[in-house]
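Please take a moment to look over the sequence and the model, and then follow one helix and one pocket through the paragraphs below.

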Amino acid sequence: MLPLAITSKQRSSQFPDVPTAQEQGYGYMNASIWYGLFAPAGTPAAVVEKINADVRAILRDPAFAEKNATSRNLRVVASTAQQFQASIRDEAATVGEMVRAAEVKPE
């Protein structure tokens with residue numbers, strides 16, 4: 001398999017010779033993969049905060065990060081619930097821009 005482009009803003013350390021899509025003239029192309037936890041609407045804030053604190057503690061453990069993320073060229077982001085919500089809003093806007101720029105039409 002030969003990678004053609006990296007869709008994040010910067011080149012991958014795994015594939016340093018593979019240019020980003022932006023470097024190849026596709027400035028609208030900026031996609032990434034992320035993982036997160038969600039709770040049902042109405043979950044008490046104290047419960048969300050407790051789960052968030054526990055997960056953040058795990059993510060900040062260097063051994064966990066190395067085994068599950070860093071070794072796979074993934075970046076660990078241990079954000080607050082509010083930061084995660086903002087990231088989702090930003091990502092939705094970015095994807096919308098990519099769809100419009102690529103002139104994707106439903107069939």
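The paragraphs that follow treat a helix and then a pocket.

This is a predicted model, in which local features need pLDDT of at least 70 and side-chain atom pairs count only at pLDDT 80 or more, while totals for chains, interfaces and linings use all residues. Residues are numbered from 1 along each chain as its sequence is written, and side-chain values use heavy atoms, with hydrogens and water left out.

Helix α3, a DSSP run of H or I with at least four residues, numbered from the N terminus, covers residues 81-101. With its 21 residues, α3 reaches 30 Å from its first C-alpha to its last, close to the 30 Å expected at 1.5 Å a residue; the expected span is 1.5 Å times one less than the number of residues.

Within α3, Phe 84, Gly 96 and Met 98 are buried (under 20% relative accessible area, with a 1.4 Å probe and protein chains only). These residues lie on the same side of α3 because they cover an arc of only 160 degrees around the axis, the arc being that of the directions from the helix axis to the C-beta atoms. On the other side of α3, Gln 82, Arg 89, Asp 90 and Arg 100 are exposed, that is, over 50% by that scale. Just after α3, Glu 103 takes a positive phi of about 55 degrees.

Helix α3 also supplies the largest share of the lining of the largest pocket, 8 residues, and α1 (45-59) and α2 (62-68) each supply at least two.
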